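User: I'd like a close look at the salt bridges in this protein, please. Keep it informal, and fill in the surroundings where they help.

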Amino acid sequence: WPRVSAARARIRGQEKFLLAMLLPVLILWALGIREIVMQATTLKSMQEVHQLVYLSTQFSAAMDQLQLERGYTYNFLSSGGHSFGSEMLRQRRVTDGAVGHLSDALQTATVSQSLSSSPAVLQVLQDLTILPDERDQILLLNASAPDALAFYSQVDSDILAVIAFFSQSVSHPTLARLLLSYWSCAAAKENAGLERALGATGVTQRGWRTTDAQLQFSSAVLTQQTLLEVFASYSPDDFIRRYNALLSPTTPSVAITLGLRQALLTNDSVALRGAQSTLWFGNMTAKLGLMKQMLDYITVNIQSSAQDVVQQSIIVMGIFGALFGAILLFVVQLAVWVVQEVRKLAEAAEMAENISEMKLDNIPPCPPKPTPLQTVMYHIVDNLKLYRPYLPDTLFAKGSEDSPSEDDAEESQPTLKKMPPGLARVTQGSTTMLVGVSSQASGSTAVRTLNNSARRQSMHSRVSGRSGRSGASTT
C-alpha cells in the first residue's frame, strides 16, 4: 500500500502540473490568435493604404491640371478673350487626360465600396460631369472670370476633401499622419494655384482695381501659409528639410514670385511697373512644379512606410504563428495524455472489480510498459494467484463485511489445503488453525498468520525436546 500511495501521489503531481500549465497555455493561445487576427487586419489595411495612396496621387494629378486650366481660364475671361486662349485650349486636352486616368483608377481600385463610393468621391465625379458644359460657356464668354474661378476652385476643394477622407480612413497612426501631411501640402499647393490665377490679373493691371480682388488674393496667400504650418506639424523632419531645400527663397522662381507677391499685397503699382503677367504666371507655375515634387516625395515615403509595416506584420504573424502551432501541439498532446489516463483509469477500475470478485483469469496480461499504478495492481494480482490455491475458500467468500465471531469460527473451522513443500516441513506434526480471519483480509495477511503459527509450533516442539533431555539427565 505505500507503493500504491506513492504512485497515486506521482499521478496527482503530474495532473497538478498539467492543470497548472493549462491556464497560462490557453491564455497565450488566445493572445496568439488575437495577435494573428490583428496582424492579418493590418496586412489587409496596408493593401488598402497602397490603393488609397495611388488614388490620392491620381486625384492630385487631376487637380494639378485643373489648377493650371483655372489660371488660363481666369486670365482668358479677364482679358475679354484676347489673351491665354490658345494656352487654355491646349491645357483642356491635358486635363481631360488626367481626368481619364482618375476614372480608370476608380474603376480598377480594390478599396472597399464605402471608400470608392463615398459622398466625397461621388461629388468629384459629379463636378467632372458638368465640366464640359462650363467650358462651353467660358469659350463663348458667357461666364465671368470670378464665376469661372469659383467653379474650378470648388472642384479642387472637392478633390482635397477626397484626399482628407482617405487620410482619415487609415487606422495606422504613422501612415495617417503622413497622409495628413500629403493633404496639407496639396491644399497649400491649391491655394498657390489660386494665388497664381489672381496674381496674373493684378500684375497685368499694375495693381488691384477692386478691393475684393485684393482681399481674395491676400486670403489665398494667408491660407497657403496656414496650411504650410499644418504641413510642418504633421510632417517628419526629413519632409521639412526636403521642402525647405526645394522651395528655398534663393531658388529663382521662388525669389521672383515672393517679390511680386509683396508688391501685390501692398498694391505697389511702382514695383509692378514693367512686370508682365507671363513672368508671374511662368514663375508661379515653376513654384507649383516644385510643390508637386514635394508631393511625389511624400507619396514615395508613404508607400515605403506602408511596405515596412507589411513586413513587420508578416514577421509578427510568423512568430505568433509558430507560437500558436507550438501551443496547439501542446494542447493536442495534453488531450492525448488525458485520453490515455482516462483509459488507464477505466482499465484499473475494471481490474479492481475483477480482483474484488476474484476473477483473476479475466484480467489481461501486464503491458510491456506498465504505469506505476498498473505495476502495483499486477503485483497484487500475482500474489493472489500465487497464494490462492493454499488459502481457505472462506477467506475470499463475499458476504458480510464484519469479522465472524469466535463461536462461528469454532463451529466452522477452515480446513487448510495442501501446502507447499516448504511450509509442509515447517508445520509437519502440528495442527494449524486460522481463527477470526476477516472476510476482507488479504491473501498476504493470511499467509503471514500461517507462517507465524508454524514458527510458534516449531519453537514449542524444540523447547519440549530440551525439557525432556534435561529431565532424563537429572533422573
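Analyst: Here is a walk through the salt bridges, followed by their surroundings and a word on confidence.

Keep in mind from the start that this is a predicted model. The chain averages a pLDDT of 76, and 70% of the residues score at least 70.

The structure holds eight salt bridges. Let's begin with the pair formed by Asp 156 and Arg 70, whose closest N and O atoms are 3.5 Å apart. Asp 156 belongs to helix H6 (residues 145-168) and Arg 70 to helix H1 (residues 2-78), so this salt bridge ties together parts that are 86 residues apart in sequence. Are these two partners buried or exposed? Asp 156 has a relative accessible area of 0%, which makes it buried. Arg 70 comes out at 1% and counts as buried too.

Met 63 helps to fill in the picture around Asp 156. Met 63 sits in helix H1, and at 0% relative accessibility it counts as buried. Leaving aside residues up to four places away in sequence, Met 63 touches Asp 156, Ile 159, Leu 160, Ala 186 and Glu 190. So one partner of the salt bridge, Asp 156, is among the residues that Met 63 contacts. Met 63 and Leu 160 are 97 residues apart along the chain, yet their C-alpha atoms are separated by 8.6 Å.

Next up is Arg 261 with Glu 195, a salt bridge in which the closest N and O atoms are 2.8 Å apart. Here the link runs between helix H10 (residues 252-265), home of Arg 261, and helix H7 (residues 173-204), home of Glu 195, so it ties together parts that are 66 residues apart in sequence. Arg 261 and Glu 195 are both buried.

Now for one within a single helix. The side chains of Lys 292 and Asp 296 meet in a salt bridge at 2.9 Å, N to O. Both residues lie in helix H12 (residues 277-356), four residues apart, which is about one turn of the helix. Why does that spacing suit a pair like this? An α-helix has 3.6 residues a turn, so residues three or four places apart point the same way. As for solvent, Lys 292 is partly exposed at 25% relative accessibility, and Asp 296 is partly exposed as well, with 36%. Besides this pair, there is a network: salt bridges with shared partners join Glu 69, Arg 92, Asp 96 and Arg 135.

Helix H4 (residues 119-129) is a handy spot to see how burial is laid out along a helix. Its buried residues are Val 121, Val 124, Asp 127 and Leu 128. These cover an arc of only 120° around the axis, which puts them on the same side of H4. The face turned away from that buried side carries the exposed residues Pro 119 and Thr 129.

A few loops deserve a look as well. Arg 206, in the loop between H7 and helix H8 (211-234), has a phi near 60°, a positive value in a residue other than glycine. Asn 267, in the loop between H10 and helix H11 (269-272), also has a positive phi, near 55°. Most residues other than glycine have a negative phi. Arg 206 is partly exposed at 32% relative accessibility, and Asn 267 is partly exposed at 30%.

The loop between helix H9 (237-246) and H10 holds Ser 248. Ser 248 is buried, with a relative accessible area of 15%, and its side chain makes a polar contact with the side chain of Thr 250 at 2.9 Å. Further along, Pro 370 lies in the loop between H12 and helix H13 (372-387) and is partly exposed at 31%. The C-alpha atoms of Pro 370 and Lys 344 are separated by 9.9 Å, with their positions 26 residues apart along the chain.

Finally, which stretches call for caution? Over residues 400-417 the pLDDT stays under 50, and the model has 19 contacts there beyond four places in sequence. Residues 422-447 also have a pLDDT below 50, with 38 contacts beyond near neighbours in sequence. Where pLDDT is low, the predicted coordinates should not be read in detail.

Notes: Residues numbered from 1 in each chain as written. Predicted model: local features only at pLDDT ≥ 70, side-chain atom pairs only at ≥ 80, totals over all residues. Heavy atoms only, no water. Buried < 20%, exposed > 50% of the residue type's maximum accessible area, 1.4 Å probe, protein only. Helix = DSSP H or I, 4+ residues; strand = E, 2+ residues; numbered from the N terminus. Arc of directions from axis to C-beta. Salt bridge = Lys/Arg side-chain N within 4 Å of Asp/Glu carboxyl O. Polar contact = N/O pair within 3.5 Å; in protein donor to acceptor, adjacent residues only side chain to side chain. pLDDT = per-residue confidence, 0-100. Contact = heavy atoms within 4.5 Å.
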